[in-house]
Structures are given as structure tokens and as C-alpha cells.
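Student: I should like to learn how to read a protein model. Could we begin with its interior and then turn to its sheet?

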Amino acid sequence: LSSPYFRAALLPRPRSKGIGGGWRAGKSMIMACDVQLDVSVLPPDREARYWGIMPSYKTPPKEMEYLAAWNKQTGLLTKASFPDEKAVRLELLGGRIIIETRTAQDPEGIASDACDGIFMSEAGQMPESVFVQAQGRLMDRRGWLDFGGTLEDAEGHPRWIWLERKLQEYMDTPDEEHQAFS
């Protein structure tokens with residue numbers, strides 16, 4: 001949290017935020033922090049829903065691990081479910097706040113509930129249609145979308161060029177609606 005690069009990417013709260021970088025650069029931490037910041041300012045009577053979209057359920061949900069640990073420490077975590085290769089679900093404040101994962105391999109699963117915030121982990125391993133679907137889930141509640149990914153990939157994962165183009169677009173023309181950070 002002490003890095004000026006980390007703070008520069010964390011503090012802006014645009015409706016759509018892109019986060020690119022190398023391995024272990026803090027992208028997952030920033031996306032988890034965005035959820036946690038949102039939860040911390042919710043009115044006491046408000047229910048909220050957040051999604052983390054992963055390329056597949058095999059993708060380790062690092063953001064969800066951070067959120068579970070932080071909310072357990074603060075006493076907000078009511079229930080956590082981390083099944084192998086299935087959706088992860090966190091319930092905070094007796095179920096008033098739900099944070100769960102979705103997979104890009106199931107586009108119909110992304111087309112259901114309205115959300116207050118969505119983060120796309122390793123978005124470059126997903127087609128751009130998932131980004132568009134996620135934006136549609138946010139319209140009812142005027143929610144926010146974080147999308148991040150590793151820009152260099154030596155592990156042979158399939159990559160979609162839309163992420164790099166969107167990050168560059170957001171970096172070249174930032175405004176209060178969209179920004180990107182590397």
C-alpha cells in the first residue's frame with residue numbers, strides 16, 4: 001500500500017478502471033481493495049452484490065482470498081465458501097453483502113443479477129464479450145467495473161488483444177468515467 005504506483009491506481013474511483021502489469025504487480029490487491037472500499041461506505045441498510053469474473057473456475061481467486069481474510073479480521077464475514085473449481089461465495093453482514101465469482105466460460109451466468117461492482121481477473125484471457133456482459137450487469141445500480149490482467153504471458157495462456165487496446169485507450173483519454181493504470 002505504500003507504493004506511489006499502487007496508491008495512484010487505487011484512489012481514483014472511475015466507473016471503469018483498467019489495471020495492467022506483470023506478475024505479482026498488485027492487480028488483484030487493487031481490485032480487492034476496490035470492493036472493500038465500496039463495502040466500507042455502504043449505507044447500513046443497503047444490500048449489495050459484487051462479482052469477480054475469472055477465465056475459469058480453475059483460476060485461483062486471489063481477490064476473494066484477500067476479501068475473506070480482511071472481512072474475517074474485521075468481523076464482517078458471515079460465511080465463506082471456497083469449493084474446488086466452482087464458484088466462490090462470501091457473505092458479509094449476515095448476507096446483506098454478497099461477493100461471488102463467475103466464470104467467463106459460462107456467459108449465461110454473467111447475464112443474471114444486477115451488481116454494484118465487478119472485477120475481471122486476468123481479463124486478457126477472456127473474450128471482449130465478457131467485458132460487455134459485465135458492463136450490462138452494472139447499469140441498474142450504476143456500478144463500477146475493474147478489469148485487470150498480466151500483460152506479458154510466458155505460460156502460454158490464450159490471450160485476447162482487446163485488453164491491451166482498452167488499457168491504452170483508457171490511459172490515453174482518462175476521465176471520471178474511465179481510467180487505466182500500469
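**Core, helix and sheet**

Tutor: In this predicted model, the largest nonpolar core comprises 26 residues, and those with the most contacts inside it are Val 35, Tyr 50, Met 64, Leu 67, Ile 97 and Ile 99. At least two core residues come from each of helix H1 (4–10), helix H2 (27–40), strand S2 (48–54), helix H3 (62–74), strand S4 (89–92) and strand S5 (97–103). H2 gives the largest share, 6 residues. A second, separate core has 20 residues, including Trp 51, Ile 110, Leu 138 and Trp 162.

Student: Which residues does Ile 97 touch?

Tutor: Leaving aside residues up to four places away in sequence, Ile 97 touches Val 39, Leu 42, Ala 48, Tyr 50, Leu 90, Glu 91 and Leu 92.

Student: Which residues of helix H5 are buried?

Tutor: An α-helix has 3.6 residues a turn, so residues three or four places apart point the same way. In H5 (residues 128–138), the buried residues are Val 130, Phe 131, Ala 134, Arg 137 and Leu 138. They lie on the same side of H5 because they cover an arc of only 115° around the axis.

Student: What is the order of the strands in the open sheet?

Tutor: The 8 strands follow the order S3-S4-S5-S2-S6-S7-S1-S8, with mixed pairing. Strands S3 (77–81) and S8 (178–181) stand at the edges with a single partner strand each, so one side of each lacks a neighbour in the sheet. From one strand to the next, the twist averages 10°.

Student: How many bridges join S4 to S5?

Tutor: There are 4 bridges, and the two strands run antiparallel. Glu 91 stands opposite Ile 98 in S5.

Technical notes. Residues numbered from 1 in each chain as written. Predicted model: local features only at pLDDT ≥ 70, side-chain atom pairs only at ≥ 80, totals over all residues. Heavy atoms only, no water. Core = buried A, V, L, I, M, F, W, Y, C linked by side-chain atoms within 4.5 Å. Buried < 20%, exposed > 50% of the residue type's maximum accessible area, 1.4 Å probe, protein only. Contact = heavy atoms within 4.5 Å. Arc of directions from axis to C-beta. Pairing = 2+ DSSP bridges. Axes fitted to C-alpha atoms, helices over the stretch in contact; angles between N-to-C directions.
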